[in-house]
Amino acid sequence: GRAAGSGQGRPGRGCEEPASEWREDLRIFHKCVLVVVMERLQLPPGAWVLDWGAGCGHKLAWAAQLFDIDGLGIDLVEESIDWARQHSMGQFCSLDGRYVEWLPDDAFDAVMSYA
């Protein structure tokens with residue numbers, strides 16, 4: 001799978017660089033998509049969202065800042081999750097997103113994925 005910073009041979013270690021996750025700075029587009037989706041969903045403040053493929057945690061941070069949303073971000077790249085835990089908002093877990101059967105069906109108000 002694709003890892004943050006993989007173009008430089010540094011998986012997950014480029015979260016602080018705007019272009020590291022997608023090889024070019026797509027933050028403005030990702031933020032726009034997030035805003036449109038959140039406005040469409042009209043989740044209440046405090047809603048619990050699963051960010052599947054959270055990467056560096058930017059999307060959960062924006063959701064928290066702009067819409068008072070909380071959530072859990074999961075990603076396979078442990079280094080990206082470590083960075084998200086230190087610099088983002090929400091809770092983050094490094095795991096293979098194919099195996100989430102341990103999560104209760106009604107645990108989240110919504111699921112998002114840019115993966």
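**Exercise 1. Determine how strand β2 pairs with β3, and place both strands in the sheet.**

Solution. Strand β2, residues 70-75, pairs with β3 in the parallel sense over four bridges, where pairing requires that DSSP finds at least two bridges between two strands, and where strands (E, at least two residues) and helices (H or I, at least four) are DSSP runs numbered from the N terminus. The model is a predicted one, in which local features need pLDDT of at least 70 and side-chain atom pairs count only at pLDDT 80 or more, while totals for chains, interfaces and linings use all residues. Residues are numbered from 1 along each chain as its sequence is written, and side-chain values use heavy atoms, with hydrogens and water left out.

Next, take a single bridge: I74 has C93 in β3 as its bridge partner. Then widen the view to the open sheet, in which four strands follow the order β3-β2-β1-β4 with parallel pairing. Because β3 (91-94) and β4 (110-112) stand at the edges with a single partner strand each, one side of each is left without a neighbour in the sheet. From one strand to the next, the twist averages 20°.

**Exercise 2. Describe the crossing of helices α1 and α2, and list the residues that meet.**

Solution. Two packed helices are described by the angle between their axes and the distance between the axes. The axes of α1 (residues 27-41) and α2 (residues 58-67) come within 10 Å and cross at roughly 50°; axes are lines fitted to C-alpha atoms, for helices over the stretch in contact, and angles run from 0 to 180 degrees between N-to-C directions. The two helices are therefore oblique to each other, given that angles under 35 degrees count as roughly parallel, over 145 as roughly antiparallel, 65 to 115 as roughly perpendicular and the rest as oblique.

For the contact itself (heavy atoms within 4.5 Å), R27, H30, K31, L34, V35, M38 and E39 of α1 meet K59, W62, A63, L66 and F67 of α2.

**Exercise 3. Classify the aromatic pair of W48 and F108, and examine D109.**

Solution. Rings of Phe, Tyr and Trp (its six-membered ring) pair if their centres lie within 6.5 Å, and planes under 30 degrees apart count as stacked, over 60 as edge-to-face and the rest as tilted. By this rule there is one aromatic pair. The ring centres of W48 and F108 are 6.0 Å apart and the planes stand at 5°, so the pair is stacked. W48 belongs to strand β1 (residues 48-52) and F108 to the loop between β3 and β4, 60 residues apart.

D109 lies in the loop between β3 and β4, and, leaving aside neighbours within four places in sequence, D109 is in contact with L43, A47 and W48.
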